[in-house]
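Student: Could you take one part of this model and go through it closely? I would like to see how its pieces are arranged.

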Amino acid sequence: MTGGRDLLISAGTASGKSEAAWLPMCSILARRREEDALARGVGAMVISPLKALINDQYGRLSELCERLELPVHRWHGDVASCRKSSLLRRPTGVLLITPESLESLFINHSDGIAGLLRALSWIVIDELHSFVGSARGAQLQSLLHRVEVLLGRRVPRVALSATLGDVASAARFLRPQDAQSVAIVSGTDGTDEIRLQVRGYVVPTPPVTAPAEPDDAARRTGSGGTGQDSVPSEIAQIADHLFRTLRERDNLVFANSRAAVETYAELLARRSREERIRTEFLAHHGSLAKDLREHVEARLRDSSTPVTAVCTSTLELGIDVGSVQAIAQIGSPLTVSSLRQRLGRSGRRPGTPAVLRVYVTEPQASDDVPPPDALRGELFQTVAMVELLLSAWYEPPHTAGLHLSTLIQQVLSVLAQRGGARAGELFDLLCGDGGFAGIGPSVFAQLLRDLGRHDLVRQEADGLLLPGARGEAHLNHYSFYAAFQTSQDHRLVAQGRTLGTMPVERPLAPGTLLVFGGRRWRVLAVDVEHRVIELVPSEGGGQPPSFPGNGSETADEVRRTMRSLYLSPEVPRYLDPVARDLLREGREVFHRFGHSRQQVFGWHEDALLFPWAGDRVMNTLLVVLARHGLSAGQDGLCLTVRGVSPLALWELIRDLAVSPQPDPVELATGVRVRARDKYDCYLGQELLSLAYAARALDVPGTWEVLSQVASLPPPAPQLLPRAW
DNA sequence: GACCTGCTGCGGGATG
């Protein structure tokens, strides 16, 4: 750590990698302070993605540094401002900070930041994988470069991470201009033994004459329950198994949505009260109020009573929750990396195995089941992800994004920091060899023109750029510092206490029943102006709110692995008997309908295309088909192309495969909704297409799929319905 | 099908 080189430490959860970085750093800083009593300034800055992680580490690091008499400081939104000003007056020791707070230092303490950081010897980035590829990661890269420009020298960067699928791309993220010089230290995984089971459940088909059932989507997320009696049987069965296996221990149950968390937490908590057992079942997700979440975390750390948290990815990163016995995952994992993180939350004590149970539901086989469901896609996706996990493969980050929205934020930030700047100066600092090195001068000039049109920036007669009126408005609001977008939600209040927030698209009528925080409530009143919903406890049923979401992207490698699982005769040992049956059924359907020889099929009036590729290729296919006047949508594993024969679709694919690949940006102009990130609304049509193409299209990957499909024999007309 | 993260300055009041 003395050589001034950048360092990437990749090691399993709970392997002590934080300490590996801290120990040498602290002893060097302590020695240096003895040698040079005048050395003033923060010696090391640790950048962390979560306030909760900073608070955890503040305790551990303070203990470590106490005997060295090396002060440790934390700086985030919950830290009192008097502590911040006292650090600015007397900067020393180690500083723990979030990217957003570092951003605010540049804007609100533009005079003090150079003095604060002038003695900086290292920048440590914790949980690097949580930044790579995102808007927040682009912001972090830009801030790292701005710190070095401010100090006029290179500052060694040390990054820590657990699930890096691709160490080379992590090194590129850490030091974009000089990735090959990054030293890499890889440790083995913390877990020696994994006990794993995948359990299958069959969703019964409702009788044809039954009254209106909750729609299919609601059933799948588990949000369809309206009371004890109407809980769908597969949800009741899964809850029953969770209850029996998890009672009397500390566990984490991961569900894929906040609505599913609420459903299972409420079912399990009610059962626990009814049977009067000690185990607490508590809900934990991002819309719950902070004090309720902290209560759950404290209950998990307290080893005197058993607690099981039902949660979303909120408990995925390294927040200390003590020792957890087992992990349950309801539904197929969303990504292999997140499955790895979740698994790493158990088996943290030496000699104790990590325990993981995955619960998968599939519809009952019948004549009406659409082909993708008959293939048992949920189960095959789960098995594919488990196999990839066991082979230590993780999703490579998507680093092609241009992050123009974040560049807009950085332009405004630099204008505020420096009190104005010239266009060339901005370009050199932010693009050039800065965080947005992929952006050329012409795109940057276009971006500035777009910003001028919206009054985010304005130009003086001498060419100096300043924030415009709307730019000032953004800069003066505290929401400016985060690079990511957040929505404005309604606050849920019961008996004077805030439970959390929920989005409300249609106003909730008083009297509506609701499940939230793992309990049942009735809406008493709605204050539209102040966006407050008042609740009272209720004995009735109710559903969790529907939360909006963007979803995640399934990788090419996952879909390729799924296809090879259909072709393989092997039955993994970790499947329970129902899951084995489902695996056998899926393979039988795959072969019966000729999926090994064909990728285009007929289904009623439509044609189905199975690309066996990731979501970015699936999306590109949709855009290409739309350009040829075809209306299509994605149904899990396949694209449904409406009102066209399979032969006609195959012929189109055959022609496309030999035609030149279209320009992605030109292709993107046909897409209606292209804005996604915080400041995308200020981009003109041209840059919106450029950003969309970089983020959401994979033309070469798509043309590989088209050639593959074209190389197969033409499909028989309407094969699927008749053979069904 | 649908995860998560973060931020300021100021005024008012309670506490040491």
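Tutor: What follows is a close look at one sheet and its surroundings. The model is predicted: local features need pLDDT of at least 70, side-chain atom pairs count only at pLDDT 80 or more, and totals for chains, interfaces and linings use all residues. Residues are numbered from 1 along each chain as its sequence is written, chains are lettered from A and ligands numbered from 1 in the order written, and side-chain values use heavy atoms, without hydrogens or water.

The sheet is open and has five strands, in the order β17-β16-β20-β19-β18, with mixed pairing. Strands here are DSSP runs of E, at least two residues long, and helices are runs of H or I of at least four, numbered from the N terminus. Two strands pair if DSSP finds at least two bridges between them. The edges are β17 (497-502) and β18 (513-516); each has a single partner strand, so one side of each lacks a neighbour in the sheet. Neighbouring strands are turned by 40° against each other on average, direction ignored.

Inside the sheet, β16 (residues 490-494) and β20 (residues 532-537) run parallel and are joined by four bridges. Within this pair, R491 stands opposite V532 in β20.

A helix also belongs in the picture. Helix α10 (residues 258-274) lies across β18 and β19 (519-527), and runs at about 125° to β19. Contact means heavy atoms within 4.5 Å. Axes are lines fitted to C-alpha atoms, for helices over the stretch in contact, and angles run from 0 to 180 degrees between N-to-C directions.
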